[in-house]
Amino acid sequence: MINLIFLGPPGSGKGTQASIIARKHNLMHLATGDIFRDEIQHGTKLGKEAEKYLKRGELVPDHLTIEALKSRLEIVPSSGRNGFVLDGFPRTDNQARELDNLLNQMHLTLTAVFFIDVSEDEIIQRLSGRRICKSCGFVYHLVYNPPKVDEICDLCGNKLIQREDDKPDVIKRRLQVYHEQTKPLVVYYAEKGLLHFVNGSGSIEEVEQRIEKVLEFIQEGS
Ligand code: AP5
């Protein structure tokens, strides 16, 4: 099995890379941000609660986030997938510890944690140009990864929108929250010998190749 975590600042390309790697290796892609946006779109109780935090660029409380992740992670062993990619989880020290407990109970281990490193200027450019499909959630960038037809999703033909939290004020708060609460996880996973730094600048394909190289290296050694 291949069980991965993608860590990094908002807009570093975690979601883009996690979805490519998940497709290539037949892994279940679990993105807590996508889970919350889906719950918001469906107007569920969790969605209504989570929306207050997403709007402000704050983290959704741990107990809600862990519960949402847990119920999806538990499906992995019987899903026919070769493992999972966690994208945007864990984001706090408490979430990381809870994940360890959960994986222990499920007799699963982490293969690697990728930290995608990108400069703050690049982050602002990536987030301000990001557009997502309102219907299927596929991610584009106006300059770096544009759709074939302006504002229309290549995959399902629906309209592209800008995420509410990709507005300048909220981006600022998300970056602040990231530095305070999520960045320290780099040390947590480095101490476990699981952390791999990936240079996140360059094209989407270049970053993907860097990740694949590390994965090949890990698999050869196991
Ligand atoms: P979430 O959706 O996880 O947002 P995030 O971590 O801020 O990350 P992003 O989705 O903004 O960026 P990304 O790194 O995935 O970049 P992407 O690949 O899209 O979370 C949203 C909110 O949900 C949080 O603020 C919080 O409220 C809540 N939440 C989620 N998880 C939580 C948790 N665990 N605990 C508590 N609350 C939680 O790329 C960005 C853009 O750049 C795209 O347009 C893409 O096309 C482009 N791009 C990607 N790679 C490249 C490249 N190499 N070159 C050029 N452009 C590129």
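A residue counts as buried when its relative accessible area is under 20%, and as exposed when that area is over 50%, with partly exposed in between. I start there because two cysteines in this structure are sorted by that rule. One more thing before the details: the model is a predicted one.

Cysteines, then. A disulfide is a covalent bond between the sulfur atoms of two cysteines. How many disulfides does the structure hold? Zero. Take Cys 133, which is in no disulfide. Its nearest cysteine sulfur belongs to Cys 156 and is 3.4 Å away. The cut-off for a disulfide is a pair of sulfur atoms within 2.5 Å, so a separation of 3.4 Å does not qualify. Cys 156 is likewise in no disulfide, with the sulfur of Cys 133 as the nearest.

Are these two cysteines buried or exposed? Cys 133 has a relative accessible area of 2%, so it is buried. Cys 156 has 34% relative accessibility and therefore counts as partly exposed.

Next, the ligand. There are 35 residues around the ligand, and those that come nearest are Thr 16, Glu 58, Arg 91, Arg 130 and Arg 174. Thr 16 has a polar side-chain atom 2.5 Å from an oxygen atom of the ligand. Two other residues are placed through their backbone. For Ser 12, a backbone N or O atom lies 3.2 Å from a ligand oxygen. For Tyr 140, a backbone N or O atom is 2.7 Å from a ligand oxygen. On its own the ligand has 1000 Å² of accessible area, and the protein covers 97% of that.

Last, empty space. Searching the whole structure turns up one cavity of 30 Å³ or more. The largest cavity has a volume of about 50 Å³. Which residues line the largest cavity? They are Phe 6, Leu 7, Gly 8, Lys 14, Gly 88, Phe 89, Pro 90, Arg 91 and Thr 182. By class, that lining has four nonpolar, three polar and two charged residues. Arg 91 appears in this lining, and Arg 91 is also among the residues that come nearest to the ligand.

Key. Residues are numbered from 1 along each chain as its sequence is written. This is a predicted model: local features need pLDDT of at least 70, side-chain atom pairs count only at pLDDT 80 or more; totals for chains, interfaces and linings use all residues. Side-chain values use heavy atoms; hydrogens and water are left out. Buried means under 20% relative accessible area, exposed over 50%, partly exposed in between (1.4 Å probe, protein chains only). On a 1 Å grid over the protein atoms alone, a cavity is a set of points where a 1.4 Å probe fits but cannot get out, and a pocket is an open set with protein on both sides within 12 Å along at least five of seven lines; lining residues have an atom within 4 Å of a point. Grid points are joined across faces, edges and corners, and a volume is the space filled by probe spheres set on the points. Ala, Val, Leu, Ile, Met, Phe, Trp, Tyr, Cys and Pro count as nonpolar, Asp, Glu, Lys and Arg as charged, and the others, Gly among them, as polar. A residue is near a molecule or strand if one of its heavy atoms lies within 4 Å of it. A polar contact is a pair of N or O atoms within 3.5 Å; within protein, one must be able to donate a hydrogen and the other to accept it, and residues adjacent in sequence count only if both atoms are side-chain atoms. Accessible areas come from the Shrake-Rupley method with a 1.4 Å probe; for residues, only the protein chains shown count as cover.
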